[in-house]
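Ready for some practice in reading a protein model? Grab a pencil, look at the picture below, and try each task before you peek at the solution.

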Amino acid sequence: MLDYFGKRTKAVKLGYRLDDYVAHRRTEGAADASIRIELALLDRAFRLAVKKRLLSHRCRPEIEKPADDPSRVRKGFFTREQVETLCGHLPASVADLVLFLFFSAWRVGEARRIEWKHYAREDAAISLPAEFSKNKRPRLLPITGELAAIIERRLEARRLDCPFIFHRNGRRVGDFRKLWAKACTAIGIPGRIVHDLRRSGVKHLIDSGVDPHTVMAFSGHRTPSMLCRYHIIDLDDLRRAADRASSYQGRRANLTPLRPEAGTRTGPRIFKGWLGRRIGPWLS
C-alpha cells in the first residue's frame, strides 16, 4: 500500500485514489477479503489520526470496502460422530485438542495457549485471558461433561516441565495441518480446515438447545450477526423444522359464544321506506 500511494500523499488525494487502488490490487491477484483487510487497516489509521488530532475530521476520507462475496463464505462443518471418528486417526495429544475445539467452539490459537494456571479445578472452569482472545475480552469455560473428560486425560499426561494443557512431548502443540489433512482424507472428507471445528461447535451448541446468547459467551462472538454466519443450516435442519411444523397443531382458541343482550331485537330486520314496501311481504 505504501509503494502505491507513496509516503507523502495527502489524505484528501488518497481518498480519490482508493478505487484505483482496489482495481490495482485485483490485477495483482489479491482476493477481495485481503483488500477489505487492507482498507480496514487504512481506515483505522485515519480514525486514530483524527482521535490524536493529527488529522482534521473533514480531511478523513470515507473508505468503502468491497462487498462480501457470499459464495466465498466457508460452510464446512463436522457432526459429532465425524469428529470422534477423525480423532481415531490422530495422536492422543492432538485428538484431545480437536475434541476441545469442537465442544468449546474456541479458536485453535486460544486453546493452544492455555496453561494449567488458567484452570481452576475447584471451580471446574478455564479462564481465557483477554490477551489470548482475538476480541481482547476474557472468557470463562465451564469444564463439565466431555470437556471434563478431556481435561482429566490431559491431567494424566501432564508434565511438570511444561505449563501448557495441550502439549506433545513437553512442547506446546503447534501446527498439525499435515496430521489433520491425512486424518480427514482417511475418513473420506478431504479439504476441511481446523477452523471448521469452531463453526461445528457453534452449530452443535445451538442444535443441543443452548440459547444464542449463551453460545456467544462460549465462543466469544461479540455480535449476533457473526454467530448467524457460524450457525450453518443444512438439509437435516430443514427436515426437522418441517416435521415440527407438520406435528404442530397450533394454539387452541378460547371461543366464547355470543349471546344477545336483553332487550335487543333477534327477529328479522325491519326495513323502512321504499325498500320496506318492496321486500316487507317476503319477510313477514
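**Exercise 1. Get an overview of the whole protein.**

Solution. Start with the contacts, where contact means heavy atoms within 4.5 Å. Among contacts in the protein with a separation of 6 or more, 57% are between residues 24 or more positions apart. Next, look at the secondary structure: there are 14 helices and five strands. Helices (H or I, at least four residues) and strands (E, at least two) are DSSP runs, numbered from the N terminus. Then check burial: 34% of the 284 residues count as buried. Buried means under 20% relative accessible area, exposed over 50%, and partly exposed in between, with a 1.4 Å probe and protein chains only.

A word on the ground rules: this is a predicted model, so local features need pLDDT of at least 70 and side-chain atom pairs count only at pLDDT 80 or more, while totals for chains, interfaces and linings use all residues. Residues are numbered from 1 along each chain as its sequence is written, and side-chain values use heavy atoms, with hydrogens and water left out.

**Exercise 2. Work out how helix α6 packs against helix α8.**

Solution. Two packed helices are described by the angle between their axes and the distance between the axes.

- Step 1: find the numbers. Helix α6 (residues 92-104) and helix α8 (residues 146-156) pack at about 155 degrees, with axes 10 Å apart. The axes are lines fitted to C-alpha atoms, for helices over the stretch in contact, and angles run from 0 to 180 degrees between N-to-C directions.
- Step 2: name the arrangement. α6 and α8 are therefore roughly antiparallel. The cut-offs are under 35 degrees for roughly parallel, over 145 for roughly antiparallel, 65 to 115 for roughly perpendicular, and oblique for the rest.
- Step 3: get the handedness. The crossing of α6 and α8 is left-handed, meaning that the near helix is turned anticlockwise from the far one by less than a right angle; clockwise would be right-handed.
- Step 4: list the residues. α6 brings A92, S93, D96, L99, F100, F103 and S104, and α8 brings E146, L147, I150, R153 and R154.
- Step 5: sort them. You get six nonpolar, two polar and four charged. Here Ala, Val, Leu, Ile, Met, Phe, Trp, Tyr, Cys and Pro count as nonpolar, Asp, Glu, Lys and Arg as charged, and the others, Gly among them, as polar.

**Exercise 3. Zoom in on D96: is it buried or exposed, and what does it touch?**

Solution. Find D96 in helix α6. D96 counts as buried because its relative accessibility is 5%. Skipping residues up to four places away in sequence, D96 touches I150, R153, R154 and F166.

**Exercise 4. Now do the same for helix α5 and α6.**

Solution. The axes of helix α5 (residues 80-87) and α6 come within 9 Å and cross at roughly 165 degrees. That makes α5 roughly antiparallel to α6. This crossing of α5 and α6 is right-handed. On the α5 side you find R80, V83, E84 and C87, which meet A95, V98, L99, F102 and F103 in α6. Sorting that contact gives seven nonpolar, no polar and two charged residues.

Take R80 of α5 a bit further. R80 counts as partly exposed, because its relative accessibility is 31%. Leaving aside neighbours within four places in sequence, R80 is in contact with F102, F103, E146 and H204.

**Exercise 5. How many disulfides does the structure hold?**

Solution. Look for a pair of cysteine sulfur atoms within 2.5 Å. The structure holds zero disulfides.
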